[in-house]
Structures are given as C-alpha cells and as structure tokens.
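Visitor: I work with side-chain geometry every day, and I would enjoy a close look at a single part of this model. Could you pick one helix and walk me through it, then show me how the rest compares?

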Amino acid sequence: MPAVDKLLLEEALQDSPQTRSLLSVFEEDAGTLTDYTNQLLQAMQRVYGAQNEMCLATQQLSKQLLAYEKQNFALGKGDEEVISTLHYFSKVVDELNVLHTELAKQLADTMVLPIIQFREKDLTEVSTLKDLFGLASSDVCLFLEHDLSMAKYSRLPKKKENEKVKAEIVKEVAAARRKQHLSSLQYYCALNALQYRKRVAMVEPMLGFAHGQINFFKKGAEMFSQSMDGFLSSVADMVQSIQVELEVEAEKMRASQQELLSLDEAVYTPDFDVAAPQINRNLIQKAGYLNLRNKTGLVSTTWERLYFFTQGGNLMCQPRGAVAGGLIQDLDNCSVMAVDCEDRRYCFQITTPNGKAGIILQAESRKENEEWICAINNISRQIYLTDNPEAVAIKLNQTALQAVTPITSFAKKQESPRPSQNVKGSEMENDKIVPKATVVIPEAEQLIAPGTPIQFDIVLPATEFLDQNRGGRRTNPFGETEDATFPEAEDSLLQQMFIVRFLGSMAVKTDNTTEVIYEAMRQVLAARAIHNIFRMTESHLMVTSQTLRLIDPQTQVTRANFELTSVTQFAAHQENKRLVGFVVRLPESTGGESLSTYVFESNSEGEKICYAINLGKEIIEVQKDPEALAQLMLSMPLTNDGKYVLLNDQPDDNDGSPSENRGAESEA
C-alpha cells in the first residue's frame, strides 16, 4: 500500500500558515469523503432495499404459485401436473426466499452497517473535533481567547511592570495556548486516523457484499468460480493488515500526544528565558508571528498580529487564511534598530536605504526580538547571495565578537593607507594625493588605551550645543538653528550632505596613522555585538569647506559641529564600504589637547565621504593662494550657483546601483 499522508503533530503548537494550509487540504479531503460516503451509503441502501424487495417478491411468488390450485378456471381440467410442478417451484422459491432473506441480513450486517458506523462514528467525530478546534483556533473565532490574552500581554508596560498582573496574564496566555494545543492535537490525530479508516471503510462493505453473494450463489448454484476465493482471501488479508497498521499508528500517535502534552510550561509561556535567552545571531532566514504597527489617523495607531517570514532579501507577511505571503519590505541595504514605541516592549524599526523610516514591529520575547534584528541585519548585508551564507554569517559575527584579544586593525592586510585618508602623512602634488611610506603598524595598546569607554550616542544634545554656541541669545522654543548660527553655510565653496548613523566614539592616544580609526571601528562594533546594542542615531552629515556638521533630519537642528581643520585623520573601512571614521583634535580647558575617533555607518560608500572631506581640506589650503584656488575651480565641475558637484560624477566601484547611492546624497 502507498504511504499515508499525515499531519505532523509537532507543528500543532506553532500553528503557522503553512500548517493551516496543509490542514485545509485534510479538511477538504474529509469533506469530499463525507459527501462520497453519503452517496455510497444511498447506493448500498438501495441494493439492500432491492434485496429486501426480492425477499418479499419471492415470498409473494411462492404464495401465488400455491394459489394456482385454488383458482376456478373455466377450462381447468387436467391441470394436476401443472399444479404439482408449481408446488415444486413454490418449494424452490421458498428455499430461494430463505437464501434471499439470509443474504439481506448479511448485506445489512456486513455492507450497510459498517458504512453507517463509519459515517456516524468516524466522520461525525472528525466533524465534532473540527467544531471544537474552530472554537479554540479557527478563523471564524479569530483566535478570540488566545488573541485577547496576547493583546493583554503585548500591552504590558515596559517601564512600570506589575509582576502580579504580568504573572496572571502570562498564565492566561499559557492556558489559552495549552487549550489550543490540546484541541489541535486531537483534531490532527483524528484526521490522520481518518486516512487509514477511509480505506477500510471503502473496502470492508464491498467485502461483506461479495461474501454474501458468494454464499448465496453457492447454496443456490455454482455461479462463481473458485478463483474468486483466492482473490477475496487476499482482499481480506489486506483489510486485516491495514487494521493492524492502524492500531500501531494509533498507539504511536497516543504516545506522541502524551509526550507533547507533558512538555514544560516554558513552551507555552512567552519570554520565559528573559534573563539569559539563547540567541542565534547567525540566522539568514526567520519566521514567526509579530505585531505590526499601523497608523489609522494623525495620532492614532493599531497593532495587528501577523505571520512574517523572510524569503531571500524580502520580508513577507501572510495573513490568516491567505494562500501565500505578500511582500512587506525589501531588506537589501536596510538598517534595523530597537526602538521605544508606545511603551511597548521588544519593538524594532526597519529603515530603508535612503534613510526613510519603515515599518515598526513588535516581538513577543527578548529572544525573538534580538533574533529578528540579527536576521534582518544579516540579510541586509546580502549574505544570502553567497555560496555558503551560514558560514559567512558565522564568520562575520565571530569577527565582531573578538573584542577581548587585541587585533592590529581591520586594514592589516594592506601595507599602505588609502589615498585621501591620511592627512598628516600626505601632500598635494599635481592635484593628486601622494601618501608617504608606511611604517610598522602599531599595536592596539599604542593606539587606544585598554578599557577606554565608548560613547554610543552623540556627546552633546542638540539644545545644549546650540545654547553653548549662541552664548547669551534666547533659546528658540522650536529647537531650530538660526541662519546666523553657522554663517559659513552661505560663504562655503563646498556643501555636500550624506545620510549617516552614529555608531560610537572613543578617546584615542594618537592621530599619526589611520590604523587608530580601524581599531576604533573594531572595538565599537565588537562592543555593540557583545552588549546587544542595536540602536543607532541617524543624522545628516554636512561636509563644507570649513566644518563637518551633524544635523537632525527631523528638526534640522545641528547636533554636533567640527572644524575641518581639527579633523586630522579620516578613513573608510576596506571591507565594509559603508563604515567611515575620523579623528578630531580639540583643545581642553587644562591647556592640553584631546583626540577622539568618531565612527559612522553611511548609506553610501565611506570613500565618498572621505573624498568630500579631503576636498574641503584642499579648498582650505588653496584659499591662501588665489592662483591655486582658481586652478582648482577650473579643474572641478561646478553647479550654476558655484557649488562643487561631488561624488555623483565619480565612478561607482561598489556592487550596488549608482542611482541608489546618489539618491542618498543631496546638493546644497
């Protein structure tokens, strides 16, 4: 016999759309089987009715044959032989009537009764379990009990937790899931058993019908050949084997059901391992239920619990009842970070490559939240396009976690720094930057002191920075930068804007080499990975011929301002093209100077930011010499208003589309 299709009991608790889709196939099969069983029963009842009618007909025929003698025929002389013959035939018909009666009884017991029992017992049981399953988890009831529990759980405040209320809600969620799990297991077992029973139910009645007919004809006349005995014997053996297999499978399902129901309560409890969750940071695909934030008005929002899964570089969503999922977000080159949203826990936001805020999702536990963030981060790097994405993900995450052992730098493979990155170690020659010879690469301790703290946010808030720069001026209540605050914006020959995300900053010991930037990048990324810090502050980096300004994209308030002359080193990461950093030398109140490295992630190539900074420094140098300034202006393409056009006319060396990188930058 071919293998029997079965529902996996282990997937009953997850209740994913794929399992639901497979369940609908089994339900459709059960519905078709019910309709066919009713039609088959009608046909068998018709045969049984015909057999009963045959019994009555033969009984009446026998009486009519005997009644011939009692008829008063006008010409009835000499009918004694006929009467005796009819008497004999009446006995034969009476004997046949006994056989037909036995056949009718046998058909009722072996043909009609099994199909009625199958319909009334097995099919009715499946229908009843379907109704119970529907009350617990069907689309008609919309997971009413479970969704209400999850809604209460999702609304638990993050800041002020009430342990008693939280415990009650968690217990309610676990009870709802257990109830749903139990009904699902019973329903799945009944559907699996139905696949065996329907085979028996279809064959067994016909086996009884055939045996009844053979017994009937054997007693009446030898109308069937002996070859049918062997065939019917084999059919009986087949039915017996199916019955034995059903008993074995039923025992296995009972044992599996007991094992699944005896699991720890942690299976039903959300966020049970919040203290130390086991997080897999190497995922390149992820699936599960999340809460999606939808705006319903200017200030009102709703949260909808949907099933999300990744497919290649896309984030897909599949509502309940849908046959397939739909595209929600293209994850290539996107960024993801944890956010605070409406006092809900475990929220994260996906931002598009051009810096536009995307969707906000909420996971049900810390483990799910961090695994989703890690998976989206891995997918955004397009790891899934490599030959062995799992190995690449593991390697990248292991590299990020190697923070305890000092490593020389990310750029250790190259023996000389890139052009336009080392300011002190380069000189202008025929409009080209010629780097000086590279000395021995210093150790990590010579670049950054061990244990140096890392700042993961902008050092000065926007309002404090403006107040310090405005002196005695009145604070703008709307938090906007006045035009007179940065007068160089009008006179600057260079204005170029980039979308960046601040990763971190730290004090360094030297600015003589770009190796200090690579080491700072390594330590910042490693610290973020170790401490699970995914939040990043997005800003607009404005590069002018005098300053570097970090501008808030929402309020246009300047978060930080660095004189271009104080930037002593700048470099982009050799492998991750979007990482860029620079070293700033600032005077201290004690009379000395401090060195700090700032690390950013850009939507475009870091080399373009380095090119813009280097060009700004060139402008500062040539402004001292009018002839050199004129020569530089002739060599560079200018816009109609006299501003430099940067990078957009430069060749694009990365694998991405040039149009995408240009879209992330804007001209002033």
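**A close look at helix 6**

Guide: Let's start with a pair of charged residues: Glu-371 and Lys-367 both belong to helix 6 and sit 4 residues apart, about one turn of the helix. An α-helix has 3.6 residues a turn, so residues three or four places apart point the same way. In this predicted model, the two side chains meet in a salt bridge, at 3.0 Å from N to O. The partners differ in exposure: Glu-371 counts as buried because its relative accessibility is 5%, while Lys-367, at 24%, counts as partly exposed. The pair also belongs to a network of salt bridges that links Lys-286, Lys-367, Glu-368 and Glu-371.

Now for the helix as a whole. Helix 6 covers residues 366–380, and its 15 residues should span 21 Å at 1.5 Å a residue; the end C-alpha atoms are 21 Å apart, which agrees. Of these 15 residues, 11 are buried, so helix 6 is largely enclosed by the rest of the structure. The buried residues include Trp-372, Ile-373, Cys-374, Ile-376 and Ile-379, and also polar or charged ones such as Asn-369, Glu-370, Asn-378 and Ser-380. Just after the helix, Gln-382 takes a positive phi of about 60°.

Helix 12 makes a good companion for reading helix 6. Helix 12 (residues 606–622) has 17 residues and reaches 24 Å from its first C-alpha to its last, close to the 24 Å expected. With 14 of its 17 residues buried, helix 12 is likewise largely enclosed by the rest of the structure.

Back to charge pairs: the protein has 19 salt bridges. One of them joins Lys-105 to Asp-109, with the closest N and O atoms 3.3 Å apart. Being 4 residues apart in helix 2, these two are separated by about one helical turn. Here Lys-105 is exposed, with a relative accessible area of 55%, and Asp-109 is partly exposed, at 38%. Another salt bridge pairs Arg-585 with Glu-593, at 2.7 Å between the closest N and O atoms. Arg-585 is partly exposed, with a relative accessible area of 25%, whereas Glu-593 is exposed, at 52%.

From charge we can turn to nonpolar packing. The largest nonpolar core has 38 residues, and Leu-23, Phe-118, Val-126, Tyr-187, Leu-191 and Leu-194 have the most contacts inside it. Helix 1 (17–67), helix 2 (80–137), helix 4 (163–220) and helix 5 (227–261) each supply at least two residues of this core, and helix 4 gives the most, with 12 residues. Tyr-187 itself touches residues including Leu-23, Val-126, Leu-129 and Phe-133, leaving aside those up to four places away in sequence. Apart from this core lies another, of 27 residues, among them Leu-494, Phe-502, Val-543 and Phe-570.

Finally, a word on confidence. The protein averages a pLDDT of 76, and 77% of the residues score at least 70. Among the elements, strand 14 (residues 567–572) has the highest mean pLDDT, 93, and strand 17 (residues 665–667) the lowest, 33. Over residues 644–668, pLDDT stays under 50, and the model has 55 contacts there beyond four places in sequence. Where pLDDT is low, the predicted coordinates should not be read in detail.

How values were computed
Residues numbered from 1 in each chain as written. Predicted model: local features only at pLDDT ≥ 70, side-chain atom pairs only at ≥ 80, totals over all residues. Heavy atoms only, no water. Expected span 1.5 Å × (residues − 1). Buried < 20%, exposed > 50% of the residue type's maximum accessible area, 1.4 Å probe, protein only. Core = buried A, V, L, I, M, F, W, Y, C linked by side-chain atoms within 4.5 Å. Contact = heavy atoms within 4.5 Å. pLDDT = per-residue confidence, 0-100. Salt bridge = Lys/Arg side-chain N within 4 Å of Asp/Glu carboxyl O.
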